[in-house]
Amino acid sequence: MSKVHQTPDTISFDTCSSVSRRDFLKILSLAGTGFALGFYLQSDDKHQLFASHLPAATFEPNAWLRIETDGSIVVTLGKVEMGQGVHTALPMILAEELDADWKKVRAEQGDAHEKYGRMATGGSASVRTNWEILRKAGAAARQMLLSAAAKAWGVPEKECRTENGFVLHVSGKQMSYGELAPLAAKLPVPQHPPLKDPQHFKLIGKPTLRLDTLDKVTGRATFGIDVRVPNMFVAVVERCPVFGGRVKSVDDRAARKSAGIKHVLQIKSGVAVVADGYWNAMQAREKLKIKWDEGEFAKQSSEQIRKLRILLAQSKGAVAKSIGNAESVIAQAQKKLLNVIYEVPYLAHAPMEPPAAVASVEPDRCEIWAPTQVPERVQSLAADITGLPKDKVIVHTTFLGGGFGRKLYPDYVSDAIEISKAIKAPVKVIWSREDDIQHDLYRPSTYNLFSAALDAQGNIAAWTHKIVGDALNASHPKDTVEGAAVEGAQNVPYRIPNFHVEWVMHNPGVPTGAWRSVGSSQNAFVTECFIDELAHLAGKDAFEFRRDLLTNKRLKAALELAAEKAGWGTPLPAGIYRGIACHESFRSDVAEVAEVSVDKQTGEVKVHRVVVAIDCGIVVNPLSAAAQMEGGVIDGLSCVFKRAITIKDGRVEQSNFGDYDSLRIHEAPKVEVYFVPSTEAPTGTGEPGLPPAIPAVCNAIFAATGKRIRKLPISPDDLKA
């Protein structure tokens with residue numbers, strides 16, 4: 001664990017993350033008070049609970065509930081907080097079963113350690129995967145506090161109950177959890193404590209302000225780029241503008257004469273400039289004269305990639321899913337036949353906080369502060385670079401100023417470790433916005449061929465979809481399907497008797513990575529716009545066409561709720577049109593209805609309103625879940641109108657928000673979020689809101705203009721009358 005102490009000028013960290021289990025027990029003993037409960041956050045059959053007094057051989061907790069004598073409830077978590085609200089939602093689950101006083105609950109970020117299990121945060125999985133064990137941990141602790149009170153009072157346990165951080169007896173006696181903690185810690189841990197009936201939840205499902213809000217709005221919160229440690233330098237790295245390029249030679253004489261400059265050195269990713277501050281490092285970097293070996297991708301361009309994919313689309317791909325004989329049915333169809341092409345571009349992540357990390361490498365230890373989604377991967381990376389054992393590498397995870405998948409890739413941390421090791425001093429590496437957008441790991445671009453035929457009743461008789469695009473993993477074996485590439489395409493939720501999806505891998509040298517909602521980010525757009533085209537071809541209402549073909553009951557309920565709340569089928573003000581789409585991803589089912597108007601003289605689109613309906617099981621914190629949906633909609637609309645990464649001469653052409661923008665506040669629509677009532681365990685909310693936003697808006701644009709959007713982003717010129 002780490003505690004951050006911040007003054008207006010300095011930030012330092014007191015660290016106890018390297019303590020062993022025995023040391024930890026000793027710390028608890030010295031404190032002489034409080035109650036700590038360890039619990040595994042693994043799959044169901046591995047859930048185990050441990051109290052602090054258990055024998056050493058069995059004491060290997062990977063997350064902690066700590067009840068202090070003042071009644072404070074501290075939940076130490078392995079999952080990282082990047083704006084998604086997980087450091088509020090996870091403690092809420094535990095506090096609900098504990099009957100804790102929410103005002104006394106706080107969350108702490110655990111340092112990288114295997115005791116926390118899988119710390120990687122992504123895939124909209126944090127609440128879903130921790131739901132049961134957090135409930136179990138809270139319930140076990142509550143049971144132990146009840147037993148402790150009954151023992152202290154010499155009364156039957158059944159005469160006691162808990163409420164808001166206290167145990168109460170029928171006689172009127174009461175003791176706080178803080179008072180009971182030392183006694184409770186000596187009791188055996190119930191392995192199968194009874195859990196609350198969800199209908200008795202008091203905290204879960206209640207809109208709850210986030211625990212980190214005050215620190216963030218007052219500037220007390222520490223993000224990776226804020227970290228400073230004593231005797232620290234600041235470094236920036238000049239990288240080859242062409243993917244895969246290398247340094248051929250460097251003339252750094254002018255750079256070394258710059259103010260504040262300390263070092264210039266080559267590292268794996270390029271040439272690092274180390275100075276006494278960021279400004280001086282950037283000034284010196286501009287004076288470097290570097291000759292690059294630009295490698296085999298120096299002539300690569302987006303147009304070349306597209307032309308090659310048009311050719312590759314004629315080749316046979318790896319089959320992702322095949323039912324019936326779609327190609328034969330389509331070949332024999334005489335009417336109601338549709339063949340179209342959809343294209344999506346590469347996308348950068350562009351989190352508001354660009355990559356940054358601090359590393360301090362010493363002969364016998366390495367300490368890192370980083371806004372990372374993968375603390376344990378950073379620990380392994382540092383061990384590899386430094387040659388130190390993992391237990392000598394301490395990784396403090398700070399708040400992340402946005403992740404969206406970018407901070408699953410710790411290349412920026414690698415820079416800091418290499419430089420610190422070389423200069424034998426702590427260093428903070430900062431990527432500029434331009435560094436990040438031009439050297440990201442991009443969402444794959446794809447070229448999509450669709451064919452489909454309708455039967456006499458207007459139902460879909462056959463559907464084929466061939467995707468040509470990058471793999472997330474460039475070394476993915478040929479002739480096999482990468483799951484991310486066909487995610488949301490191979491599992492189209494409609495009743496289609498003849499269905500065939502295949503994928504042609506084409507990796508033109510552009511580095512790729514997981515992006516918010518991964519494969520669903522592009523495949524929901526192409527499939528939900530294509531289904532809209534088929535509804536139109538069938539002469540049917542877009543909502544009714546989907547509803548009648550849906551095989552996913554949860555998605556159907558979400559679709560019906562979205563349509564109801566949006567007033568689907570009711571008149572709209574003149575010039576405003578609706579579009580609808582639905583999609584399942586990360587185990588959540590989402591439908592959205594967009595309302596748009598289009599100025600046919602300028603081609604400008606105004607999105608007035610987006611109605612979102614989601615079935616994500618039990619909603620832990622409706623405020624955070626709604627915010628995730630709203631953010632997903634804004635991200636999706638940014639893709640529709642603002643974003644594309646293009647390549648010329650092997651280089652990314654975009655560099656900052658000036659040419660790779662997000663939807664601005666004045667452009668944002670009203671977003672309404674509705675939850676399908678559910679008693680099922682929670683599923684994901686971080687990513688599922690984005691995929692249907694894109695086709696819902698594009699389908700509304702078709703309703704307004706009669707023009708299909710088959711390529712993103714939209715140019716106003718495409719929509720002029």
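**A tour of two helix pairs and a sheet**

Helix H10 passes helix H11 in a right-handed crossing. That is our starting point, and keep in mind as you click around that this is a predicted model.

**Stop 1: H10 and H11**

Select residues 375-386 for H10 and 411-423 for H11. The two helices pack at an angle of about 30 degrees, and their axes lie 10 Å apart. H10 and H11 are therefore roughly parallel to each other, since angles under 35 degrees count that way.

Now show the side chains where they touch. On H10, pick Val378, Leu381, Ala382, Ile385 and Thr386. On H11, pick Val413, Ser414, Ile417, Glu418 and Lys421. Colour them by class and you'll find six nonpolar, two polar and two charged residues in this contact.

**Stop 2: the five-stranded sheet**

Next, bring up strands S16, S24, S23, S22 and S17, which form an open sheet in just that order. The pairing in this sheet is mixed. Which strands stand at the edges? Look at S16 (318-323) and S17 (337-344): each has a single partner strand, so one side of each is left without a neighbour in the sheet. Neighbouring strands here are turned by 10 degrees against each other on average, ignoring direction.

Zoom in on S23 (residues 460-469) and S24 (residues 498-505). They pair in the parallel sense, over eight bridges. For a landmark, click His465: Val501 in S24 stands opposite.

**Stop 3: the helix on the sheet**

Keep the sheet on screen and add H14, residues 518-538. What does H14 touch? Helix H14 packs on the sheet, with contacts to S17, S22 (446-454) and S23. Compare directions, and you'll see that H14 makes about 155 degrees with S17.

**Stop 4: H15 and H16**

Last, select residues 542-549 for H15 and 553-566 for H16. Their axes are 10 Å apart, and the helices pack at an angle of about 160 degrees. That makes H15 roughly antiparallel to H16, because angles over 145 degrees count as such. Is the crossing left-handed or right-handed? For H15 and H16, the crossing is left-handed.

Turn on the side chains once more. Phe543, Arg546 and Arg547 in H15 meet Lys556, Leu559, Glu560 and Ala563 in H16. Sorted by class, the contact between H15 and H16 has three nonpolar, no polar and four charged residues.

Conventions:
Residues are numbered from 1 along each chain as its sequence is written. This is a predicted model: local features need pLDDT of at least 70, side-chain atom pairs count only at pLDDT 80 or more; totals for chains, interfaces and linings use all residues. Side-chain values use heavy atoms; hydrogens and water are left out. Two strands pair if DSSP finds at least two bridges between them. Helices (H or I, at least four residues) and strands (E, at least two) are DSSP runs, numbered from the N terminus. Axes are lines fitted to C-alpha atoms, for helices over the stretch in contact, and angles run from 0 to 180 degrees between N-to-C directions. Contact means heavy atoms within 4.5 Å. Angles under 35 degrees count as roughly parallel, over 145 as roughly antiparallel, 65 to 115 as roughly perpendicular and the rest as oblique. A crossing is left-handed if the near helix is turned anticlockwise from the far one by less than a right angle, and right-handed if clockwise. Ala, Val, Leu, Ile, Met, Phe, Trp, Tyr, Cys and Pro count as nonpolar, Asp, Glu, Lys and Arg as charged, and the others, Gly among them, as polar.
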